[in-house]
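Visitor: I am new to this structure. Please take me through it in a few questions.

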Amino acid sequence: MLTADPAAASTISSSPQRRAPLPSLTGLRFVAAMLVFLTHSTMLHNVLSFTEPVNFFADQGVAKAVADFCEKAGAIGVSFFFVLSGFVLTWSATPGDRITSFWRRRALKIYPNHIVTWVLAMVLFTAATPMHAWLPNLFMVHTFTPQPEVFGSLNPVAWSLCSELLFYALFPLLIIPVRKIAERRLWLWAAGMVAGVMAVAAATKYVRGGLDLGYELSLNQFWFSYSFPPPRLFEFVLGMILARIVAANLWPRIGLLPSALLFAGGYWLANHVPAPYFFSACTIIPVGMIICAGASSDLRGKGGWLTSPTMVRLGEISFAFYILQGVVIFYGRSKLLGGRTFDFIPAVGLEIALFLANLLAAWLLYSLVEQPVMRRWSRSKKEKQSGEQQASQDARGKTTQSRPLVSDSVLVREAG
């Protein structure tokens, strides 16, 4: 916790026990990114050129059926990211870690990739964006305003980074009360966060102003319930509390399969309720269950397909895969194929090709930007020296109280 000791006043608290890495959660990151991809790659209209489709299917009945089925996946995938982010940051908090060190790692995790895609967007398709829109976008604060030309500007998928930035800024403060919750009350607090998600959806009807978006929401209502960062804190804090529940061995033996089945039920419900309830309210409980089930499985040494080298590697590049979707899907599809659509089999093939193109671009961004930056600057010189000393001590079979709860490789995989 934050203490009155001047030497420890700028550190992040953590429980003293060492915690194991959770590779299943790394694999789940790519699952969440794929949910977003399915929504973006099957849209009936391109957000950069509304007269052109993104969906490859020429048969309008098939195209609409696919688009309708996948429409809710993106919002749910983002909610998944927010809960997972709170869980992983809480789980991987390191004893004695300075707040400035934490903020540096988080900034280096998201800013380089964001800057690359921001530049690509400016060069390729948004050069005429006015300064009052592109400057807030550059600093990831553009969704704090309801002005549509600002919060929807440049790279279309970058809006969620504003919420993540808020989470990272507040985490050193939020971890203090979360750590102080008595174990017997953790479930009550988790229920409170779920209720908060529901309350945001319910309160949206009282938000006034903005154009009618055509599905029972005005533009201002959409902004408040989906893009505005503060209401999304309920999902992030839920993840933090769930990490404590798993760490305290309070999670019941509910595995991934029943959790996934409940998620499928929530997804079905999301397709039958109006906005904003389908954004996260219908699936927030099964999303938390899946994360806890995956973490618990890792702790029991069960592993599974999520912990395979392929899934872990895909999870590592998931942030790059997500942040590049606006460039690859909306710009790339339009630039190469225009508004052309195709018969069923070629359309499926092109969907797969689009996925592979996004994956290749993500691997390049991760390999050339994200990973080198994290390796070079994520730790200060003093921290590196301390890490080398720790490694030397570990090699001799010694342990120290300042040993990290998880390996640096796991810290690099924290939610972006």
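The questions below go from the whole chain to its core and one helix.

Visitor: How many helices and how many strands does the protein have?

Guide: This is a predicted model. Helices count here from four residues and strands from two. Counted that way, the protein has two strands and 18 helices.

Visitor: What share of the residues of the protein count as buried?

Guide: A residue is buried when its relative accessible area is under 20%. The protein has 416 residues, and the share that counts as buried is 53%.

Visitor: Which residues touch the most other members of the largest nonpolar core?

Guide: The largest nonpolar core holds 101 residues. Helix α3, residues 73-91, gives the largest share of this core, with 13 residues. A second, separate core has five residues, among them Trp118 and Leu154. In the largest core, the residues that touch the most other members are Leu25, Phe87 and Ile323.

Visitor: Leaving aside its neighbours within four places in sequence, which residues is Ile323 in contact with?

Guide: Contact requires heavy atoms within 4.5 Å. With neighbours within four places in sequence left aside, Ile323 is in contact with Asn113, Thr117, Asn155, Val157, Ala158, Leu161 and Leu365.

Visitor: Where does helix α7 bend?

Guide: Helix α7 covers residues 159-180 and reaches 32 Å from its first C-alpha to its last, close to the 32 Å expected. Its axis nevertheless bends by about 60°. A proline, Pro172, follows within four residues of the bend, which is at Phe171.

Technical notes. Residues are numbered from 1 along each chain as its sequence is written. This is a predicted model: local features need pLDDT of at least 70, side-chain atom pairs count only at pLDDT 80 or more; totals for chains, interfaces and linings use all residues. Side-chain values use heavy atoms; hydrogens and water are left out. The expected span of a helix is 1.5 Å times one less than its number of residues. The bend at a residue is the angle between axes fitted to the seven residues ending there and the seven starting there. A nonpolar core is a set of buried Ala, Val, Leu, Ile, Met, Phe, Trp, Tyr and Cys residues joined through side-chain atoms within 4.5 Å. Buried means under 20% relative accessible area, exposed over 50%, partly exposed in between (1.4 Å probe, protein chains only).
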